[in-house]
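Trainee: Got a minute to go through this one with me? I'd like to start with the aromatic rings.

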Amino acid sequence: MIKILLFIPAKNEATTIASVITDSKKVVQQSFAIDLDVLVIDDGSTDDTKKLAEQNGATVIRHNQSVGLGSIFKEAVQHAVAKKYDYLVTIDGDKQFNEQEIPSLLQPIFDGHAQFTSGNRFLHGNDIQHMSKTKKVGNSIVAKMVNHILNARYTDVSCGFRAYSREALLHLNLLGGYTYTQEVFLNLGFKNITIQEV
């Protein structure tokens, strides 16, 4: 039986967390006939994020004070490996990503074309409404640096909407406490894990 874990990092996402959980579960069940397990790591919320996540069937790990996105991602990876999940999907808790696209992240891994997939927000141009110009420029610079180091051609190395095979998870060795997205590309790229942007 295939086991998929959805990890949602969350901080004060009470208005959207329930919808992200239920919509994600629904699309994976409809697309693959697989029940999706959900892990929410609450990084210091002061609202009802934890309560609403639990009410909607998620396992919740709560930190009373924020420990940083990089730290809670490592915690999620450790949880997925320890509980013997076959795949890990990551999505933000604020509805900035479309849950209907989760199958697009998983399918290349299921088909053996990739071991790690990452959403590419710039695939159809640079017009992302919620992203500032400064952040767009910063993302472009970081992508160029990662590409130079890996001799690759990635466009968006900062997106948090991703999927990992168990093999990719076992190869991760991350150090960052406050971010992890670019480090994952470098970490897995150096270890010849097959990466595909979606």
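Mentor: Sure, rule up front: rings of Phe, Tyr and Trp (its six-membered ring) pair if their centres lie within 6.5 Å, with planes under 30 degrees apart counted as stacked, over 60 as edge-to-face and the rest as tilted. Mind that this is a predicted model, where local features need pLDDT of at least 70, side-chain atom pairs count only at pLDDT 80 or more, and totals for chains, interfaces and linings use all residues. Side-chain values use heavy atoms, leaving out hydrogens and water, and residues are numbered from 1 along each chain as its sequence is written.

Trainee: How many aromatic pairs does that rule give?

Mentor: Eight aromatic pairs. One of them is Phe32 with Phe110, edge-to-face at 4.9 Å centre to centre and 75 degrees between the planes.

Trainee: Where do Phe32 and Phe110 sit?

Mentor: Phe32 is in helix H1 (residues 17-32) and Phe110 in helix H4 (residues 102-110), 78 residues apart. Helices here are DSSP runs of H or I, at least four residues, and strands are runs of E, at least two, numbered from the N terminus.

Trainee: Which residues form the aromatic cluster?

Mentor: Phe73, Phe116, Tyr154, Tyr164, Tyr180 and Phe185.

Trainee: New topic: is Val157 buried or exposed?

Mentor: Buried, at a relative accessible area of 1%; the cut-offs are under 20% for buried, over 50% for exposed and partly exposed in between (1.4 Å probe, protein chains only).

Trainee: And what is Val157 in contact with?

Mentor: Leaving aside neighbours within four places in sequence, Val157 is in contact (heavy atoms within 4.5 Å) with Val142, Ala143, Val146, Arg162, Thr181, Gln182 and Phe185.
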